Amino acid sequence: MKELYQTDTLIVGAGPAGLAMAGRLSRMNIPYLLLEKSDRVAASWHGHYERLNLHTVKEHSDLPFIPMPERYPVYVSRLDMIAYWEEYVRQMNISPMFGQEVLAIKRVDAGWETETSTRVFRSERVVVATGYNRAPVVPVWEGQERFRGVMMHSQQYRSAEPFEGKKVLIVGIGNTGAELAIDLYEHGAQPFISVRNPVNFIRRDIGGRPAQRTAILLGKLPDPVYDFIARQVQNLTVGDLSAYGLQTPHYSPSKGLRCYGKVPVIDIGTIDLIKQGKVKILPDIQYFNEDSVTFKNGRTEVFDAVIACTGYRAQVEDFVENAHTLLNERGYPRQLWFDDGAHKGLYFCGFSIPLSGILRNIKIDSERIAEHIQKRAKHQPVHP
């Protein structure tokens, strides 16, 4: 029989969203338990590619109550972020329960029952903080089983060193694909990017000013005004890339994210490499051959490796009972919490993607959720 634990609030996931919630509830003296399936906090960041740096500025990327160290640069590196989160856990006296992969969360009586491989947790409420990029999207292409080169998802990519001197196809030009193209080029590989749809680019810095700071200011304006300004700035700083094989959507970067969930590419140098011919753009894939890929324009190119930068999904429906009724058309929770009887006490933190920054929004949303919990918490002690 599995061990039974009871708590006021259960938090699932010890990434930045889960840590933000734990920090908030700790300060409010609200009993909680924090579950993490791996053996460390922010586990996915330990596995990200080595050159990863934030595209958001440090003052808008920290967790509640503890700012990032002054010595950190404006755009913080992956390793510095991990060090910051680990120090946050120490300073806030957060004690995650590691090795607790959640198998199911379901409504039981007036509360919730969460089951892991070894334990069962009963709680009045559950905060799901497993992240918007929990499960990689791995497409299947015609003939890919014939391809004899290296094939991987970007989740498996660590550095460009193994690809030195090789011809590499990146599939997808989101933020990861765009940055991996830089990494590959700088390490002596020949990067190509297969692009299926039009894409919006934003320069990370404009006139020495981080785009995030501008986005926060523009976010206070009416949407049509914001969209107009965003498009004009994009035209001036990025321009028309159609000559290089990249089409721009008919909507602005801000409208694309707000209305369609299309995250713009925050450019840190990929555009310049494309214009210089050092990174080449190809159309969508038609099928794979033994040592090459044929594209929908009929062109065939030989490649040593293919890296699918095809994104992730939240996939909360994998473990949250009846979650499909709570999700939008893109598979993300529609709200931070639900007050109806069937889902009362169920919260979601870390699933929104605004132009003003995911980590900034986690800090804002965690406060809203914590205040909502505080109003309803009975402040009962934890009974292990």
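The exercises below work through a predicted model, each with a task and a stepwise solution.

**Exercise 1. Strand 4 and its neighbours**

Task: Work out which strands pair with strand 4, in what direction they run, and how many residues of strand 4 are buried.

Solution. Begin with strand 3 (residues 102-108), which runs antiparallel to strand 4 and is joined to it by 6 bridges. The hairpin of these two strands has 2 residues between them, and Asp109 takes a positive phi near 55° there. Continue on the other side, where strand 5 (residues 119-128) is joined to strand 4 by 4 bridges, again in an antiparallel arrangement, and where a hairpin makes the connection through 2 residues. Finally, consider the surroundings of strand 4 (residues 111-116): because 5 of its 6 residues are buried, strand 4 is largely enclosed by the rest of the structure.

**Exercise 2. Glu113 in the sheet**

Task: Identify the bridge partners of Glu113, and state which residue forms a salt bridge with Glu113.

Solution. Start with the backbone pairing, in which Glu113 of strand 4 is the bridge partner of Lys106, while in strand 5 the bridge partner of Glu113 is Arg122. Turn next to the side chains, where Lys106 and Glu113 form a salt bridge whose closest N and O atoms are 3.9 Å apart; this separation satisfies the cut-off of 4 Å. Then compare each accessibility with the limits, under 20% for buried and over 50% for exposed. Glu113 has a relative accessible area of 13%, so Glu113 is buried, whereas Lys106, with 35%, is partly exposed.

**Exercise 3. The salt bridges of Arg51**

Task: Describe the salt bridges that Arg51 makes with Glu179 and Glu186, and determine which parts of the chain they link.

Solution. Note first that the structure holds 24 salt bridges. In one of them the side chains of Arg51 and Glu179 meet at 3.4 Å, N to O. This pair links distant parts of the chain, since Arg51 lies in the loop between helix 2 (43-47) and helix 3 (78-91), Glu179 lies in helix 4 (residues 175-186), and the two are 128 residues apart.

Next, take the accessibilities: Arg51 is partly exposed, with a relative accessible area of 25%, and Glu179 counts as buried at 3% relative accessibility. Arg51 also meets Glu186 in a salt bridge, at 2.9 Å from N to O. Because Arg51 lies in the loop between helix 2 and helix 3 and Glu186 in helix 4, this pair ties together parts that are 135 residues apart in sequence. Glu186 itself is exposed, with a relative accessible area of 51%.

**Exercise 4. Aromatic pairs**

Task: Classify the ring pairs Phe147 with Phe288 and Phe295 with Phe303, and decide whether these residues are buried or exposed.

Solution. Two quantities are needed, because a pair of aromatic rings is described by the distance of the centres and the angle of the planes. A search of the whole structure finds 13 aromatic pairs. One of them is formed by Phe147 and Phe288, which are 5.5 Å apart centre to centre with 70° between the planes, an edge-to-face arrangement. The pair links distant parts of the chain, with Phe147 in the loop between strand 6 (135-136) and strand 7 (150-153), Phe288 in strand 15 (residues 285-288), and 141 residues separating them. Phe147 is buried at a relative accessible area of 7%, and Phe288 is buried at 0%.

For the second pair, the ring centres of Phe295 and Phe303 are 6.4 Å apart and their planes meet at 80°, so this pair is edge-to-face. Phe295 is buried, with a relative accessible area of 1%, and Phe303 is buried, with 3%. To complete the picture, Tyr49, Tyr157 and Phe163 form one aromatic cluster.

**Exercise 5. Charges over rings, and cysteines**

Task: Find which rings lie under Arg24 and Arg204, then state how many disulfides the structure has.

Solution. Arg24 lies over the face of Phe65, at 5.4 Å from the ring centre. The charged end of Arg204 sits over the ring of Tyr75, 3.7 Å from its centre. Turning to the cysteines, a search of the whole structure finds 0 disulfides. Cys259 counts as partly exposed at 36% relative accessibility, while Cys309, at 10%, counts as buried.

Terms used:
Residues are numbered from 1 along each chain as its sequence is written. Side-chain values use heavy atoms; hydrogens and water are left out. A disulfide is a pair of cysteine sulfur atoms within 2.5 Å. Buried means under 20% relative accessible area, exposed over 50%, partly exposed in between (1.4 Å probe, protein chains only). Two strands pair if DSSP finds at least two bridges between them. Rings of Phe, Tyr and Trp (its six-membered ring) pair if their centres lie within 6.5 Å; planes under 30 degrees apart count as stacked, over 60 as edge-to-face and the rest as tilted. A charge sits over a ring if NZ of Lys or CZ of Arg is within 6 Å of the ring centre and within 35 degrees of the ring normal.
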